[in-house]
Amino acid sequence: MNTIVGTYECKVDAKGRLLLPAPLKKQLASSLQDGFVLKRSVFQPCLELYPMAEWTILMNKVNKLNRFVKKNNDFIRRFTAGVKVVEIDALGRLLVPKDLVVFASISKDIVLSSAVNIVEIWDKELYEKSIDDATIDFADLAEDVMGNVNDDDNGLS
């Protein structure tokens, strides 16, 4: 698994194309040939860009679900709704399909934000609102999520 690092602001043109910032394009270089999957986020009004290798790992997990269980079948249908295979062209541009632009309320200014092994694509205003959300105390969230992780190998605990 490759870890992607950084948050980048850029613009999307009227056709839905965005130019990947050079540092991000460099991090994704090993995935350029295989392509990417672009999908709706489950929890946020943003898009998720998966390098094909990461998408394959995720789909292998999803494919283990028993499709004779209605809840599983409904999940698979909704999880893969709007999924698109996309490529980054020679100029480093990514075309975001219109239905996904509408889903994420993408206008002109966007934020590309790393999320471990994928990139989230946000409308800039929505991204800033999600980061500044006063209803979530980040210190409490960090403690709840990471407080019980005990990894003696790197000094974090």
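**Which residues are exposed on the other side of helix 3?** They are Lys70, Lys71, Arg77 and Arg78. Keep them in mind for the first close-up of this predicted model.

**Figure 1. Helix 3 has a buried side and an exposed side.** Helix 3 runs through residues 70-79, and its buried residues are Asn72, Ile76 and Phe79. They share one side of the helix because they cover an arc of only 75 degrees around the axis. There's a handy rule behind this: an α-helix has 3.6 residues a turn, so residues three or four places apart point the same way. What lies over the buried residues? The cover includes strand 3 and helix 2 (52-62). Turn to the other side of helix 3 and you meet the exposed Lys70, Lys71, Arg77 and Arg78.

**Figure 2. Strand 3 pairs with strand 4 and with strand 5.** Here's the strand that helps cover helix 3. Strand 3 takes in residues 36-40, and four of its five residues are buried. It runs antiparallel to strand 4, with five bridges joining the two. Strands 3 and 4 make a hairpin, with six residues between them. Strand 5 (residues 84-86) is also antiparallel to strand 3, this time with three bridges. To find your way across that pairing, look for valine 37, which sits opposite valine 85. Strand 3 also has the highest mean pLDDT among the elements of the protein chain, at 97.

**Figure 3. Glutamate 48 is a buried residue in strand 4.** Strand 4 covers residues 47-51, and glutamate 48 is part of it. Is this glutamate buried or exposed? Its relative accessibility is 10%, so it counts as buried. Across the pairing, lysine 39 stands opposite glutamate 48. The side chain of glutamate 48 makes a polar contact, at 3.2 Å, with the side chain of tyrosine 50. Leaving out residues up to four places away in sequence, glutamate 48 touches Val37, Leu38, Lys39, Arg40, Ser41, Val42, Ile118 and Val119.

**Figure 4. Cysteine 10 and cysteine 46 don't form a disulfide.** How many disulfides does the structure hold? Zero. For cysteine 10, the nearest cysteine sulfur is that of cysteine 46, 14 Å away. Why is there no bond between them? Their sulfurs are 14 Å apart, which is too far. Both cysteines are tucked away, though: cysteine 10 counts as buried because its relative accessibility is 14%, and cysteine 46 counts as buried at 0%.

**Figure 5. Serine 105 and valine 116 each have a positive phi.** Most residues other than glycine have a negative phi, and most peptide bonds are trans. Serine 105 isn't a glycine, yet its phi is positive, about 55 degrees. You'll find serine 105 in the loop between helix 4 (98-103) and strand 7 (109-115). With 41% relative accessibility, serine 105 counts as partly exposed. Valine 116 isn't a glycine either, and its phi is about 65 degrees. Valine 116 sits in the loop between strand 7 and strand 8 (118-123), and it is partly exposed, with a relative accessible area of 48%.

**Figure 6. Helix 6 has the lowest mean pLDDT among the elements of the protein chain.** Helix 6 spans residues 138-146, and its mean pLDDT is 78. Across the protein chain, the average is 90, and 93% of the residues score at least 70. Where pLDDT is low, the predicted coordinates should not be read in detail.

Methods
Residues are numbered from 1 along each chain as its sequence is written. This is a predicted model: local features need pLDDT of at least 70, side-chain atom pairs count only at pLDDT 80 or more; totals for chains, interfaces and linings use all residues. Side-chain values use heavy atoms; hydrogens and water are left out. Buried means under 20% relative accessible area, exposed over 50%, partly exposed in between (1.4 Å probe, protein chains only). A polar contact is a pair of N or O atoms within 3.5 Å; within protein, one must be able to donate a hydrogen and the other to accept it, and residues adjacent in sequence count only if both atoms are side-chain atoms. Contact means heavy atoms within 4.5 Å. Two strands pair if DSSP finds at least two bridges between them. A disulfide is a pair of cysteine sulfur atoms within 2.5 Å. pLDDT is the predictor's confidence in each residue, from 0 to 100. The arc is that of the directions from the helix axis to the C-beta atoms.
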